[in-house]
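Dear colleague,

I am passing on a structure that I would like you to look through at your own pace. Please open it beside this email and read the notes underneath with it.

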Amino acid sequence: MRNKRSLVCYLKNGSISYSFYTGWTSSGIALALSNMQVGYRNGNTLPVENIPGETKKQFTKRVIDMINNDSVESVVKEVNTEVKFA
């Protein structure tokens, strides 16, 4: 049985960064993003900026699809927070 993991996406100064943890958010143990092995099938990388005109919903779907289809992890739950793209 695998431990639960959390990927947190931050928008800071126009750039997108990520934190990856075992457990739920920062109450768990920090992991390297490379543990997700994003891109091992199709060569994708997690985005560090949004596509011009892309909404939060479109960005979220793009990241979830990338994780589900091109990594060793899969998304089972999404937690929404207030984020606005400029």
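Below is what was found in it.

This is a predicted model, in which local features need pLDDT of at least 70 and side-chain atom pairs count only at pLDDT 80 or more, while totals for chains, interfaces and linings use all residues. Residues are numbered from 1 along each chain as its sequence is written, and side-chain values use heavy atoms, with hydrogens and water left out.

The protein chain has one helix and three strands, which follow the pattern β-β-β-α along the sequence; helices (H or I, at least four residues) and strands (E, at least two) are DSSP runs, numbered from the N terminus. The strands form an open sheet in the order β1-β2-β3 with antiparallel pairing, where two strands pair if DSSP finds at least two bridges between them. Its edge strands are β1 (5-12) and β3 (30-31), each of which pairs on one side only. Strand β2 (residues 15-22) is joined to β3 by two bridges, and Y21 stands opposite A30 in β3.

Of the 86 residues in the protein chain, 24% count as buried, meaning under 20% relative accessible area with a 1.4 Å probe, protein chains only. The largest nonpolar core, a set of buried Ala, Val, Leu, Ile, Met, Phe, Trp, Tyr and Cys residues joined through side-chain atoms within 4.5 Å, has nine residues: I16, Y18, F20, M36, L46, F59, V63, M66 and I67. Both β2 and α1 (56-69) give two or more residues to this core, and α1 gives the most, with four residues.

Best wishes

Technical notes: Buried < 20%, exposed > 50% of the residue type's maximum accessible area, 1.4 Å probe, protein only.
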